[in-house]
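This report walks through a single protein chain, from its packing to a few local details. Keep the structure open while reading.

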Amino acid sequence: ARPGRALLGRATADGAVVEEVAATALDRALAGAAERAADADAPATGPETVLAVPLRVRGEVFAVLVLARRAPGGSFPPADVAVAETLASRAAVALENARLYHELQQADRQKNEFLSMLAHELRNPLAPIRNANEVLHQKGHEPARVRWAQGVIDRQLTHLVRLVDDLLDVSRLTLGKIRLTVEPVELDAVLAQAVEAVRPMIDQYRHHLEVALPARPVLVSGDPARLIQVFANLLNNAAKYTDPGGRIWVAVSAGREIEGGGGPGAPCAAFAEVRVRDTGVGIAPEALSSVFELFIQANRSLDRAQGGLGVGLTLVRRLVEMHGGSVEAHSEGPGRGSEFVVRLPIASDPAAGADAPAELPAFEGTADPLRVVVVDDNVDGVETLADLIGLLGHEVRTAHDGPAGLAAVGEFDPDLVLLDIGLPGMDGYEVARRLRGANTRAVLVAVSGYGRDEDRAMSREAGFEQHFVKPVEYDTLRTILSAVRAARVRSS
């Protein structure tokens with residue numbers, strides 16, 4: 001507006017703003033007449049009364065409805081003000097509904113895209129599993145062919161488990177259900193385990209990996225398992241989105257004083273910095289701001305050669321922020337590679353770190369076997385688990401529902417009961433409560449597809465000693481059996 005033409009308002013009790021102003025600056029903005037728009041320098045024709053009514057949603061003003069009348073010396077009567085306020089209220093509701101409808105459409109489209117991705121990603125590993133299984137069914141196959149088929153099944157099952165685990169983790173993070181066990185952690189040990197987890201993919205694509213660590217160990221405050229997950233996800237992305245024979249770098253620096261290093265508004269503090277860089281496909285500039293959002297992938301296409309559900313980087317960001325750190329994505333554009341920078345707070349008291357407890361030795365051999373009952377309504381699942389336990393030298397009984405499980409425990413007097421939760425009729429919680437009520441000596445371990453914090457809490461309340469999520473790894477199974485056997489030896 002020209003000098004002296006600015007709209008100066010005074011708020012009334014009901015929020016309307018009423019003021020008389022000169023009309024020249026408002027003619028162009030409010031009148032909308034073509035002949036006035038063509039003559040921007042037309043002189044003012046007299047004072048004009050303006051009524052400005054704010055449009056509010058949940059108490060916040062997001063727009064203003066402005067009405068003007070060319071009536072020198074006049075003002076809007078109360079009835080007109082009331083009509084304007086009603087119009088503004090309805091306009092605010094209409095605009096907000098339109099915005100919400102647009103967001104709902106976007107969410108629905110994103111949901112459909114995600115379900116399509118999920119179906120694709122689940123079918124991908126299922127196909128080679130089925131093919132490898134058919135190979136094993138053929139007669140006359142060579143030992144090398146059997147080993148190859150077993151390797152295919154193992155790799156694809158690992159991929160399936162990771163997909164499901166990522167989905168569960170992002171759900172638990174969204175609901176605030178994940179709790180960290182924070183302690184001083186050596187970054188080199190965390191990175192070594194993350195590299196080990198991703199090494200098969202790195203070797204598969206023939207990538208060259210370089211890891212640069214400081215001369216002295218760097219201690220950060222964090223949950224070791226979750227930090228391994230963070231860096232394994234970043235390394236997995238680097239390997240997946242880099243053409244075969246590419247290069248991946250991991251570099252660690254420590255002791256930097258970074259203002260706001262833990263995010264916006266954070267105080268100046270000492271942070272360790274981990275950079276994961278690759279020579280991969282890169283990220284377009286317009287996608288850098290959204291790569292950490294849920295179900296977003298920077299480069300989507302129907303071939304989906306790289307795969308994934310678009311949740312890995314969301315997990316990375318949220319887990320890092322839970323540690324009081326931050327993560328950034330950098331890229332010079334498509335085909336120019338990517339770099340992810342993770343900052344984590346330096347441990348304030350390195351001496352507070354304690355050595356990790358030694359794992360119990362795995363029980364080998366058939367001497368002094370355990371008596372085990374496995375209860376699960378999945379017939380294939382219970383029989384294969386029973387076979388594994390039998391191969392480790394233990395005696396096993398199986399049952400497929402709660403009553404049969406109670407009967408098997410009563411007849412067999414086991415040392416260990418591996419019990420599913422989602423049983424038909426009588427669920428695993430009720431079976432556990434009844435076994436505890438009968439003072440069974442058996443160790444009760446839940447083996448279930450339910451792995452939320454609430455499920456684990458309900459397991460403890462029902463009398464389970466431990467809760468494991470399906471599928472249980474072979475080494476984990478051996479550890480469970482070893483721990484039960486060691487406890488039995490101590491008590492005898």
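Contact here means heavy atoms within 4.5 Å. The model is predicted. With that cut-off, take Leu235. Leaving aside neighbours within four places in sequence, Leu235 is in contact with Ala194, Val195 and Val198. Its other contacts of this kind are Leu209, Ile248, Val250 and Val276.

## Overall picture

The protein chain has 492 residues, and 38% of them are buried. It holds 12 helices and 15 strands. Contacts across the sequence reach far: of those between residues at least 6 apart, 67% join residues at least 24 apart. The exposed area is about 27,100 Å². Carbon and sulfur atoms supply 54% of that area.

Confidence varies along the chain. The mean pLDDT is 77, and 75% of the residues reach 70 or more. Over residues 258-268, however, the pLDDT is below 50. Beyond near neighbours in sequence, the model still gives this stretch 23 contacts. Residues 349-366 also stay under 50. Here the model has 17 contacts beyond four places in sequence.

## Two nonpolar cores

The largest nonpolar core has 39 residues. Leu235 is among those with the most contacts inside it, along with Leu187, Val220, Phe231, Leu234, Val274 and Leu344. Helices and strands both feed this core. The helices that give two or more residues are α5 (187-204), α6 (224-240) and α7 (312-322). The strands that do so are β7 (247-258), β8 (269-278), β9 (326-330) and β10 (338-345). The most comes from α6, which gives nine residues.

A second core is separate and has 20 residues. Among them are Ala408, Tyr429, Val431 and Ala446.

## The α10/α11 pair

Helix α10 covers residues 428-437, and helix α11 covers residues 453-462. Their axes come within 8 Å and cross at roughly 25 degrees. An angle under 35 degrees counts as roughly parallel, so α10 is roughly parallel to α11. Which residues of α10 and α11 meet? From α10 come Tyr429, Ala432, Arg433 and Arg436. From α11 come Asp455, Met458, Ser459 and Ala462.

Asp455 deserves a second look. This helix α11 residue is buried, with a relative accessible area of 4%. Not counting residues up to four places away in sequence, Asp455 touches Tyr429, Tyr450 and His467. Its C-alpha atom is separated by 9.2 Å from that of Ile421, a residue 34 places away along the chain.

## Asp420 and the loop at Pro471

Is Asp420 buried or exposed? Asp420 is buried, at 5% relative accessible area. This aspartate is found in the loop between β13 (416-419) and α10. Beyond four places in sequence, Asp420 is in contact with Val375, Asp376, Asp377 and Gly428. Val447, Ser448 and Lys470 complete that set of contacts.

Lys470 has a feature of its own. A cis peptide bond joins Lys470 to Pro471, with omega about -10 degrees. Pro471 lies in the loop between β15 (466-469) and α12 (474-491).

## Loop residues with accessible surface

Three further loop residues are set out below.

| Residue | Loop | Relative accessible area | Class |
|---|---|---|---|
| Arg206 | α5 to β5 (208-212) | 59% | exposed |
| Asp413 | α9 (402-412) to β13 | 39% | partly exposed |
| Arg452 | β14 (443-448) to α11 | 43% | partly exposed |

Backbone geometry adds to this. Arg206 is not a glycine, yet its phi is positive, at about 60 degrees. Asp413 is not a glycine either, and its phi is positive at about 50 degrees.

Arg452 is of interest for its partner in space. Arg452 and Leu168 are 284 residues apart in sequence. Their C-alpha atoms are 8.1 Å apart.

Conventions: Residues are numbered from 1 along each chain as its sequence is written. This is a predicted model: local features need pLDDT of at least 70, side-chain atom pairs count only at pLDDT 80 or more; totals for chains, interfaces and linings use all residues. Side-chain values use heavy atoms; hydrogens and water are left out. A nonpolar core is a set of buried Ala, Val, Leu, Ile, Met, Phe, Trp, Tyr and Cys residues joined through side-chain atoms within 4.5 Å. Buried means under 20% relative accessible area, exposed over 50%, partly exposed in between (1.4 Å probe, protein chains only). Accessible areas come from the Shrake-Rupley method with a 1.4 Å probe; for residues, only the protein chains shown count as cover. pLDDT is the predictor's confidence in each residue, from 0 to 100. Axes are lines fitted to C-alpha atoms, for helices over the stretch in contact, and angles run from 0 to 180 degrees between N-to-C directions. Angles under 35 degrees count as roughly parallel, over 145 as roughly antiparallel, 65 to 115 as roughly perpendicular and the rest as oblique.
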